[in-house]
Amino acid sequence: MDARFKSRDIERRSLDVDGLKRSFLEWLVYSVGKDARAATRRDWFHSVALAVRDRVVDRWMDTTRSYYQEDAKRVYYLSLEFLIGRLLTNSLSNLGIMDECRQALDRLGLSMDDVVDAEPDAALGNGGLGRLAACFLDSMASQGLPGYGYGIRYEFGLFEQRFENGWQVEYPEQWLQFGNPWEFARPEVLYPVQFYGRVEEFRDSVGERAYRWVDADRVLAMAYDTPVVGYGGETINTLRLWSARATRDFNFGHFNDGAYMKAVEQKILSENLSRVLYPNDATETGKELRLKQEYFFTSASLQDILRRYLQHHSSFENLPNKAAIQLNDTHPAIGIAELMRLLVDQHALRWDDAWDITRATFAYTNHTLLPEALEAWPVRMIERVLPRHMQIIYEINAKFLNRTKARADGDNARLSRLSLIDERGERRVRMGNLAFLGSHKVNGVSALHTELMKQTVFADFHQEFPDRINNKTNGITPRRWLKQANPALSELITTRIGEGWNSDLSQIAALREKADDVVFREEFRRAKRKNKKRLAAYIARQTGEEVLVDSIFDVQVKRMHEYKRQLLNVLHTIALYNEMRDNPTVSWVPVTKVFAGKAAPSYHMAKLIIKLINDVAKVVNHDPSVHDNLKVVLLPNYNVTAAEIIIPAADLSEQISTAGMEASGTGNMKLALNGALTIGTLDGANVEIREHVGADNIFIFGMTADEVNDLRASGGFNPREVIASNPSLKRALDMISTGAFSPDDRNRYHPIVQALTDGGDHFLVTADFADYCRAQDAAMQLYRDSEEWTRKAILNTANMGWFSSDRTVNEYAQEIWDVHPVKPSHDGEGFR
Ligand code: Z57
């Protein structure tokens, strides 16, 4: 081999400071095309990212080759969302070369923070569901599981949120504007995906009735691969995202001018499929383009999965032994009909064999019970967009209902609830029912949520298939959410218990005994304080507000949604403000209320709540009579990067959804792991967090899910009576309704006041207010005793080990997927 290439080859893998530095410069000059004097921070980021990517490639290929050689069973995680965030720190940290990189940059006169900050945040998701998918990718790679992510490479991620005059305004998020150094385009990995057209019936070679989908429009799905670096760099998995490309099956030469322009127009239209992420979290819009996105990425992924399978196999009976396909919510559930179509129409399998294979391959995760989030596509729309799939869905339904009818002895109401078609009003396909029926396992995301699934939306299916529903409580990756986001606390932990917790978070339980160690408590507080200073600086930069580092950082960060009850927090804020004004001589514990979160652009109530928080902040923050004891900030553009700054600095974690409505929550886990105490309802995973951290170390308040259910069943309650009997609640609401926070438009908050009063207060904000205030008072009193507070904070961190997504993913691997770790062989060519 040419010696020059050989030395360059080695250079690309070297992990020492000098080798990294030389690589950064090499990339800067020969690929970015700048010299060190002219380079911007973004140029350096691209150079560093490309140099780091070099260090991943050999091991990535080794990993892929090992899976291939072992013909390992793979798991395919199909998700319309992957909320990844930045990758530079993540890659460096998982490769174990953070310090080396920092030093190399140092020698170039550059600050690591500046370079890290030049990376855009990959926001291909809305909230919890998308972030969960990203945590699972990290956990699968970190445990050597052969896991692939499949999704869409949106050109525009989740919108950028700005506040203009206190209102949310959305801007396009152009994360790809300057190129994406982490991805590899695969222009040769291209699959056709069809839409519209009609179905033709014909006789196959043995005279059987068969169907083909004809006269359809075609779009191509092109692959982009991003390596997923596992902890320690042993396993590098793949996230494959699809981008829409127009077909070129028209001949430019034969067009007259008009047809040419029309053809180009068609090209732009078909490429719209991967243009933008729908910005709704836990609500559906029912838009045709969304259905097309769902089918687009699902079809491409299934074609790719079958192609990979067929490299080793000549029949399909072993597919379930070689591929597990996990449906992240119902968004890819059309895949069940698509796999049936591929097996029956294209590969000529018998229906019943195809159905057994399909069911044994798919599993489905449900993430919400909210009726407005359950997908139900109009039959008319599916008939038009995916005519063959509509026939297949009818066929699945007919066979299922026929089998069930025999045992249902005339209970037609039950049959119509089990049907894949909702016949009330416009006929719709219930995607949850399709996903349930086409999967061998169906799971909820917390113990409570899974129980409620059995009792509510899937009660009839649960009766029919009692072994199908199972629980997989969510988790979070400790690498990103502790090691990387909170270096101060991570380093402290590692000095005491070693670094085993990075790959086995259960080891963090060894910190329990340190809760009684005064020296450790002091150091724990010091780490928290450092993080609070970092957040205070961020708050000042983002909002212009100065906050007290020694105040309680009371944090509610999540999507804006009525069921998450930011309003309850706002009402408490106003009540506290009034108390502080009424009692100026009391020595108050200073409080900083930190909010952040995006509202879906069409969710007017959520946007009005944003405006209310900003209006309350304006009044409170500038009222000298509270002596800076209370500050309210709403940070703009909450995303993964902002979360990494906010979460490590939190003292108090607000998890205050109406009981029964938050499927799990994962922010609750990130905050508790970082030593925040939770104030929360017995909802979602809060229930399990209480069991792990101990009832003494969490502030639980409010109605239980059963109580909420009973109250609603008995016809609800009268919020007016509750308000009349609680003077501080009445006063806070009166202030909102009379314009104390909106002197420029005194009626602005009428819809909010209306919802909480005559509207019946569906989310039970007023019903839980008094108990919430009691819990808030308890938290404030405890905070005065800084030793006791710290002790409980340490016990939170120490007792959160079970909430690692490594544990979650292992449960999926063992109980749903039947996949096992594969140790890639790096035949001496790679590093270490
Ligand atoms: C989403 O982020 C969640 C559920 C959905 O149905 C959709 Br669509 C988006 C969230 C739940 O609201 C959280 O409670 C849960 O922790 C998260 O999914 C991950 O399971």
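Is Thr-704 buried, partly exposed or exposed? In this predicted model, Thr-704 has a relative accessibility of 24% and therefore counts as partly exposed, since the buried class is reserved for values under 20% and the exposed class for values over 50%. The residue is placed in the loop that joins β24 (699–700) to α27 (705–713). When neighbours within four places in sequence are set aside, the contacts of Thr-704 are with Ala-659 and Leu-682. Leu-291, which lies 413 residues away from Thr-704 along the chain, is separated from that residue by 36 Å between C-alpha atoms.

The domain assignment divides the protein chain into domain 1 (3–59), domain 2 (71–86 + 121–474) and domain 3 (551–802). Between domain 1 and domain 3, the distance from one C-alpha centre to the other is 47 Å.

Two individual residues illustrate burial within helices. Ser-66 belongs to helix α3 (residues 41–70), and its relative accessibility of 5% places Ser-66 among the buried residues. Once residues up to four places away in sequence are excluded, Ser-66 is found to touch Val-822, Lys-823, Pro-824 and Ser-825. Arg-308, located in helix α9 (residues 288–310), is likewise classed as buried, with a relative accessibility of 10%. Apart from neighbours within four places in sequence, Arg-308 contacts Arg-74, Tyr-76, Tyr-148, Tyr-150 and Arg-240. Between Arg-308 and Leu-795, by contrast, there are 47 Å from C-alpha to C-alpha, with a sequence separation of 487 residues.

Helix α5 (residues 98–107) has Cys-101, Ala-104 and Leu-105 as its buried residues. Viewed down the axis of α5, these residues are confined to an arc of 95° and so line one face of the helix. The elements against which the buried residues of α5 pack are α2 (17–32), α3, α4 (88–95) and α6 (112–117). Following α5 is Gly-109, which has a positive phi near 75°.

In helix α17 (residues 447–455), the buried residues are His-449, Thr-450, Leu-452 and Met-453. These residues span an arc of only 160° around the axis, and they are therefore on the same side of α17. Their packing partners are β17 (441–444), α18 (459–464) and β18 (469–471).

Backbone geometry was also examined at loop positions. Most residues other than glycine have a negative phi. Asp-329, although not a glycine, has a positive phi of about 70°, and this residue is situated in the loop between β12 (323–328) and α11 (334–346). With a relative accessible area of 7%, Asp-329 is buried. Ala-348, also not a glycine, has a positive phi of about 60° and is found in the loop between α11 and α12 (351–361). In contrast to Asp-329, which is buried, Ala-348 is exposed, its relative accessible area being 65%.

Helix packing was considered for two pairs of helices. Two packed helices are described by the angle between their axes and the distance between the axes. For α12 and helix α14 (residues 387–405), the angle is about 90° and the axes are 13 Å apart, so that α12 and α14 are roughly perpendicular to each other, given that this class covers angles of 65 to 115 degrees. The contact is formed by Trp-351, Asp-352 and Trp-355 in α12, which meet Ile-392, Glu-395, Ile-396 and Lys-399 in α14. By class, the residues of the contact between α12 and α14 comprise four nonpolar and three charged, with no polar residues.

The second pair consists of helix α21 (residues 518–543) and helix α32 (residues 786–798), which pack at an angle of about 80° with a distance of 10 Å between their axes. Accordingly, α21 and α32 are also roughly perpendicular to each other. On the side of α21, the residues taking part are Val-518, Phe-520, Arg-521, Phe-524 and Arg-525, and these meet Ser-786, Glu-787, Thr-790, Arg-791, Ala-793, Ile-794 and Thr-797 in α32. The contact of α21 with α32 contains five nonpolar, three polar and four charged residues.

Technical notes
Residues are numbered from 1 along each chain as its sequence is written. This is a predicted model: local features need pLDDT of at least 70, side-chain atom pairs count only at pLDDT 80 or more; totals for chains, interfaces and linings use all residues. Side-chain values use heavy atoms; hydrogens and water are left out. Axes are lines fitted to C-alpha atoms, for helices over the stretch in contact, and angles run from 0 to 180 degrees between N-to-C directions. Helices (H or I, at least four residues) and strands (E, at least two) are DSSP runs, numbered from the N terminus. Angles under 35 degrees count as roughly parallel, over 145 as roughly antiparallel, 65 to 115 as roughly perpendicular and the rest as oblique. Contact means heavy atoms within 4.5 Å. Ala, Val, Leu, Ile, Met, Phe, Trp, Tyr, Cys and Pro count as nonpolar, Asp, Glu, Lys and Arg as charged, and the others, Gly among them, as polar. Domain bounds come from an automatic or database domain assignment. Buried means under 20% relative accessible area, exposed over 50%, partly exposed in between (1.4 Å probe, protein chains only). The arc is that of the directions from the helix axis to the C-beta atoms.
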